[in-house]
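Work through the following exercises with the sequence and the model open side by side. Each task is followed by a solution that proceeds step by step.

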Amino acid sequence: MNTHSQSRTTSPIDTLLTAADAALRTVFVPARASHPCPTLPENGANPLDEADKALAGALMRVNHVGEVCAQALYTAQALAARMGPQPNEALARQLEAAGQEETDHLAWTKERLDELGARPSLLNPLWYAGAFGMGLLAGRLGPGVSLGFVVETERQVEAHLASHMERLPAQDHASRAIVAQMKDDEARHAREAQHAGATELPLPVKGLMRAAAKVMTTVAHRI
Ligand SMILES: [Fe+2]
Ligand SMILES: [Fe+2]
């Protein structure tokens, strides 16, 4: 990540290697949060039973996959901004800055999965690759579309996290605190991308994005 601080003279090869490094880290190396996890200690007087733990584990696995995809999207869109016909370093940096907060989310959701005794999705390399491809495509369509894609993605994720606030076991305060903080952060990512000059995506594209997310959330709930 830090390699971009010297990126005024970054070559395409450096940029590609940085993207490959980001991919391998996301999928294989535990993320380190730069902000403490907004979690709350479990209530010893009212512990989660096995069914609650299983449900919370499945939902947090879905959220962890979402954050794996966020890493892929932001990395790919930054790559496309840098390597396109009109390199846009300012946009690339903005995308990377937003991606930084996603690294916190990635670390928090993984931490909570561990606490719940649940495992991350076995398909993470596949989710990452799929999201990376979508990010590259959005990035190639220019800054307005790329930012529009961020706005729509973040809004859909925010709505999805709101639904998890309904579905998570009521006494799972630890998972709820994480999801609530992520929901606020995603809403802000959408607003920031909007202010930066996002183009509104066509309705059918939004529908396709929703369908892709539905496949991911349904599969990741189990695998
Ligand atoms: Fe996130
Ligand atoms: Fe986000």
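## Exercise 1: a salt bridge between two helices

At 17% relative accessibility, Glu-96 counts as buried, where buried means under 20% relative accessible area, exposed over 50%, and partly exposed in between, with a 1.4 Å probe and protein chains only. Before going on, note that this is a predicted model in which local features need pLDDT of at least 70 and side-chain atom pairs count only at pLDDT 80 or more, while totals for chains, interfaces and linings use all residues. Residues are numbered from 1 along each chain as its sequence is written, chains are lettered from A and ligands numbered from 1 in the order in which they are written, and side-chain values use heavy atoms, with hydrogens and water left out.

Task: find which residue forms a salt bridge with Glu-96, and state which helices the pair ties together.

Solution. Step 1: a salt bridge is a side-chain nitrogen of Lys or Arg within 4 Å of a carboxyl oxygen of Asp or Glu, and the partner of Glu-96 is Arg-82, with the closest N and O atoms 2.9 Å apart. Step 2: Arg-82 lies in helix 2 and Glu-96 in helix 3, so the salt bridge ties together parts that are 14 residues apart in sequence; helices (H or I, at least four residues) are DSSP runs, numbered from the N terminus. Step 3: Arg-82 is buried as well, with a relative accessible area of 10%.

## Exercise 2: salt bridges within one helix

Task: determine how far apart in sequence Glu-115 and Arg-112 are, and whether each is buried or partly exposed.

Solution. Step 1: the side chains of Glu-115 and Arg-112 meet in a salt bridge of 2.7 Å, N to O. Step 2: both belong to helix 3 and are 3 residues apart, so about one helical turn separates them. Step 3: Glu-115 is partly exposed at 41% relative accessibility, whereas Arg-112 is buried at 0%.

A second pair can be treated in the same manner. Arg-188 and Glu-192 both lie in helix 6, 4 residues apart, about one turn of the helix, and their side chains meet in a salt bridge at 4.0 Å, N to O. Arg-188 is partly exposed with a relative accessible area of 26%, and Glu-192 is partly exposed with 40%. Elsewhere, salt bridges that share partners join Arg-82, Glu-89, Arg-93 and Glu-96 into one network. A search of the whole structure finds 12 salt bridges.

## Exercise 3: the two iron ions

Task: list the donors of each iron ion and identify which residue bridges the two ions.

Solution. Step 1: donors are N, O and S atoms within 2.8 Å of the metal (3.2 Å for Na, K and Ca), and sites may look incomplete because water is not among the atoms. Step 2: the iron ion (ligand 1) is coordinated at 2.0 to 2.4 Å by Glu-67 (OE), Glu-67 (OE), Glu-102 (OE), His-105 (ND1) and Glu-186 (OE), with the spacing E-x34-E-x2-H-x80-E along the chain. Of these, Glu-67 in helix 2 (residues 50-83) and His-105 in helix 3 (residues 89-116) are 38 residues apart, and both are buried.

Step 3: the iron ion (ligand 2) has as protein donors Glu-102 (OE), Glu-154 (OE), Glu-154 (OE), Glu-186 (OE) and His-189 (ND1), lying 1.9 to 2.3 Å from it, and its donor residues are spaced E-x51-E-x31-E-x2-H. Step 4: Glu-102 bridges the two iron ions, which lie 3.9 Å apart. Glu-102 lies in helix 3 and Glu-186 in helix 6, so this pair ties together parts that are 84 residues apart in sequence. Glu-102 is buried, with a relative accessible area of 1%, and Glu-186 likewise counts as buried at 1%.

## Exercise 4: the nonpolar core

Task: establish which helix gives the largest share of the largest nonpolar core.

Solution. Step 1: a nonpolar core is a set of buried Ala, Val, Leu, Ile, Met, Phe, Trp, Tyr and Cys residues joined through side-chain atoms within 4.5 Å. Step 2: the largest has 22 residues, and those with the most contacts inside it are Val-65, Trp-127, Tyr-128, Phe-132, Phe-149 and Ala-220. Step 3: helix 2 gives the largest share, 8 residues.

Methods:
Helices (H or I, at least four residues) and strands (E, at least two) are DSSP runs, numbered from the N terminus.
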